[in-house]
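Work through the exercises below with the model open. Try each task before reading its solution.

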Amino acid sequence: MTGQSPPPPPPPPGPATGGSGGFPTASGAPVTAKRSWWKRWWAIPSIVLGLFVMIVMIGVVAAVSDSDDADDMADDDAVAGEAADGEDPSEDEPSDEPEPEPEPEPEPDAAEDATLNGDLEVHYLDVGQADATLFIHDEVTVLIDTGDWQRSDVTGYLDALGVDRLDLLVVTHPHADHIGQFDEVMAAVEVDEVWWSGSVTTTQTFERAVAALEESTAAYEEPRAGQSTTLGPLLFEIVNPPDDVDLDDLHDASLSFRITYGEVRFLFTGDAETSTEQRMVDTAGEQLDADILQLGHHGSSTSTTAPFLDAVGPQVAIYSASEGNQYGHPHDEVIERVQGAEIELYGTPVNGTVTVTTDGSDWDISPEVE
Ligand SMILES: [Zn+2]
């Protein structure tokens, strides 16, 4: 709609330039009172010819004028029709022009952009029994969840990795192992935008997070399943929660989404559990397909069900938990399911921070501990 050039100005009306052609005495010189006989006789056919030309030209002018009127009326109708459809009538001005230029192709999705600029690094940070994952690219930096409320390590990672601003800070849900250091992050770096599931709790960690959000100038969104957006070269597709979710169920409302860089797709589901995974399988379809999956709920058996794992079809799975945690995460049956499907498995209790580096087609995984 926007690439169409304005119509060229209409050509000047033709008849105005043709008026002098048939008349032999246009110089303005005084006509002599007396002419020779042959000149007088010659004047008769000249006058006849001149009248003929005038008649023809009047006819042409009338025909052109009628045709313009007809076009103008057609334009008026077209404009009225478009305006009734709620579109900007100015876009339709040139309808009496020949075929308009074809509209430019829509911007390609980041996923289809063959000219990606540099590598994307994804750091599945070792933050104990909690989540914090950092996407770093020349054009965009994103943090997903903010670690454990009993620790203070996330801003140290940001500092060590040279991150002093975040284009986006995503909170999958407001449990204290996901919003743990939200207030510290907001205080330490500039944050452009915050996404949050919309759930609330009554913990002090939550109260601190809300206060930090209210003090900041960051934009705030509660994305919902079916929405998608791009941020630099990253494509975000939201797969949970749906519009009608019960926000009181914090895990069920976990903000879940796929991030695509080139051809490489990362999936995050927060602490979504069995019924939530099933709803995603039923509703999100191919948007669940991913190469690298963060195991839901820290590798708990409440999550990573067989149908969900089948739907995602990852080549790599990464979970975040602390060594010897009281919940027993990750649970054996999840580990067995993942390894049984020959999916490469990493976990922060075993491997420390796990970093995925990708150019948008291939990826390299470097765990802190092999
Ligand atoms: Zn959690």
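**Exercise 1. Place E237 and describe its surroundings.**

Step 1. E237 belongs to strand 10, residues 234–240. Helices (H or I, at least four residues) and strands (E, at least two) are DSSP runs, numbered from the N terminus. This is a predicted model: local features need pLDDT of at least 70, side-chain atom pairs count only at pLDDT 80 or more, and totals for chains, interfaces and linings use all residues. Residues are numbered from 1 along each chain as its sequence is written.

Step 2. Is E237 buried or exposed? Apply the cut-offs: a residue is buried if 20 or more other C-beta atoms lie within 10 Å of its own, exposed if 12 or fewer, and partly exposed in between, with C-beta atoms placed from the backbone. E237 is buried because 23 other C-beta atoms lie within 10 Å.

Step 3. List the contacts. Two residues are in contact if their C-beta atoms, placed from the backbone, lie within 7 Å. Leaving out residues up to four places away in sequence, E237 touches S228, F257, R258 and Q287.

Step 4. Check a pair distant in sequence. E237 and A284 are 47 residues apart in sequence, and their C-alpha atoms are 9.6 Å apart in space.

**Exercise 2. Trace the sheet that contains strand 10.**

Step 1. Write down the order. Seven strands form an open sheet, 9-10-11-12-13-14-15, with mixed pairing. Two strands pair if DSSP finds at least two bridges between them.

Step 2. Find the edges. Strand 9 (228–231) and strand 15 (344–347) each have a single partner strand, so one side of each is left without a neighbour in the sheet. From one strand to the next, the twist averages 20 degrees. Axes are lines fitted to C-alpha atoms, for helices over the stretch in contact, and angles run from 0 to 180 degrees between N-to-C directions.

Step 3. Take strands 9 and 10. They pair in the antiparallel sense over four bridges. L231 stands opposite L234 in strand 10. The two strands form a hairpin with two residues between them, and G232 in the turn has a positive phi of about 55 degrees.

Step 4. Move on to strand 11. Strand 10 and strand 11 are antiparallel, with six bridges. F236 has I259 in strand 11 as its bridge partner.

Step 5. Continue to strand 12 (residues 264–268), which five bridges join to strand 11 in an antiparallel run. Here F257 has F268 as its bridge partner. Strands 11 and 12 also form a hairpin with two residues between them; G262 in the turn has a positive phi of about 65 degrees.

Step 6. Look for a parallel pair. Strand 13 (residues 292–294) and strand 14 (residues 316–319) run parallel, joined by three bridges. Q294 has I318 in strand 14 as its bridge partner.

**Exercise 3. Which residues of strand 11 are buried on each face?**

Step 1. Recall the rule: in a regular strand the side chains alternate between the two faces of the sheet.

Step 2. Sort the residues. S256, R258 and T260 lie on one side, F257, I259 and Y261 on the other, and all are buried.

Step 3. Count. Six of the six residues of strand 11 (residues 256–261) are buried.

**Exercise 4. Trace the eight-strand sheet.**

Step 1. The order is 8-7-5-3-2-1-16-17; the sheet is open and the pairing is mixed.

Step 2. Strand 8 (219–221) and strand 17 (363–367) stand at the edges; each has a single partner strand, so one side of each lacks a neighbour in the sheet. The twist averages 15 degrees from one strand to the next.

Step 3. Strand 2 (residues 133–137) and strand 3 (residues 140–144) pair in the antiparallel sense over five bridges. F135 has V142 in strand 3 as its bridge partner.

**Exercise 5. Inspect the backbone of the loops.**

Step 1. Find the cis peptide bonds. One joins N240 and P241, with omega about 0 degrees. P241 sits in the loop between strand 10 and strand 11. Another joins H329 and P330, with omega about -5 degrees. P330 is in the loop between strand 14 and helix 7 (332–340).

Step 2. Find positive phi outside glycine. D145 has a phi of about 70 degrees. D145 is in the loop between strand 3 and helix 2 (154–160). H298 has a phi of about 60 degrees. H298 is in the loop between strand 13 and helix 6 (306–312).
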